[in-house]
Amino acid sequence: MESQDTGAAQAPAPDAPPAPGGAGRQETAAPRRRRGRTTALIAAAAVLGVVAGTVTGYAVQYHREPTPLPVLSQPDLRTPDPVPAGPGTTARSVNVNRWVKTDGDLRELLLPKPKGAKTESKAAWQDLFSYAQWFEEEDYMFEELAEDDFRRCASVSWSVGGKVYVDIQLIQFREEHELRASSFGEGQQWYLDEDKWAGNDGEPIPGSAEGRTYVFDEPLREAGYEPLYRGRAVAWRGDIVMLIEYANNSGPINEKDLKSLAKRQLERL
């Protein structure tokens, strides 16, 4: 399924100064893509990068903080300490600390932006309706995600030096259906080896059973803009799928940087 291109083309940047040695002639450097255009172009078959301001119809609801729950009557409630496995140990009890962690504020599990980076979109929530808007057939995806027990999505994005752009999404499904997360993650991987997308099988993410990073074989080219080099990471752990969009408008993707970013985000889950 191909995502809808929601970004409008940006006007080229002003002409660069004349190149040295030109006799009465000016040569202009190809402008780098602006962020609004970049977001539309790095979108692949499923989900677009999340950038503040690209959605208008539900902007108020999108940026509204979740309604806080009533205060618990036990203010000193604490996470139980880990205990050794015994005859009564179950998969649920073994993972009790992880469940408590992912049941909290999912935004706190998103990687913080690196030093010197510019925030493109602060850590924010997307509910089912908002998330389905990123798909070309949004009605169909709304029904599919609802049937697959979509729970919520947290996202953040930043840029570095006006060249590298990073979008991270954590999509969580209902905890009793971990298979929903793996199915969704696999669906985001299956088409990436096609020439239209990454054109390769990707590389495994250290510490992940099925997670992979993909550096696209060919940059995206468009008249009037410098080539856009793209990368992507897809992995899942428990009930959460991690999607990372990585783009560079000044040169090839550094695969080590992408893999390190994916590994660090996965470790926070």
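**View 1. The whole chain, with eight helices and seven strands.** Helices (H or I, at least four residues) and strands (E, at least two) are DSSP runs, numbered from the N terminus. This is a predicted model, where local features need pLDDT of at least 70 and side-chain atom pairs count only at pLDDT 80 or more, while totals for chains, interfaces and linings use all residues. Numbering starts from 1 along each chain as its sequence is written, and side-chain values use heavy atoms, with hydrogens and water left out. Of the 269 residues, 41% are buried, meaning under 20% relative accessible area with a 1.4 Å probe, protein chains only. The chain exposes about 14,800 Å², and 52% of that comes from carbon and sulfur atoms; the areas are Shrake-Rupley values with a 1.4 Å probe. Take the contacts (heavy atoms within 4.5 Å) between residues at least 6 apart in sequence: 63% of them join residues at least 24 apart.

**View 2. Strand β3 (residues 164-173), covered on both faces.** Here 10 of the 10 residues are buried, so β3 is largely enclosed by the rest of the structure. In a regular strand, side chains alternate between the two faces of the sheet. One side of β3 carries V164, V166, I168, L170 and Q172, and the other has Y165, D167, Q169, I171 and F173.

**View 3. The neighbours of β3: β2 and β7.** Strands count as paired if DSSP finds at least two bridges between them. Strand β2 (residues 150-160) runs antiparallel to β3, with 10 bridges joining the two; W158 has V166 as its bridge partner. The two strands make a hairpin with three residues in between, and G161 in the turn has a positive phi of about 65°. Strand β7 (residues 240-248) also pairs with β3 in the antiparallel sense, over nine bridges, and there Q169 is partnered with L243.

**View 4. Helix α8 (residues 255-267) and what covers its buried residues.** At 1.5 Å times one less than its number of residues, this 13-residue helix should span 18 Å, and its end C-alpha atoms are indeed 18 Å apart. Its buried residues are L258, L261, A262, Q265 and L266. They cover an arc of only 125° around the axis, which puts them on the same side of α8; the arc is taken from the directions from the helix axis to the C-beta atoms. Their cover includes β2, β3, β5 (212-215), β6 (229-237) and β7.

**View 5. The start of α8, with N254 and K256.** A side-chain oxygen of N254 comes within 3.0 Å of the backbone nitrogen of K256.

Methods:
Buried < 20%, exposed > 50% of the residue type's maximum accessible area, 1.4 Å probe, protein only. Polar contact = N/O pair within 3.5 Å; in protein donor to acceptor, adjacent residues only side chain to side chain.
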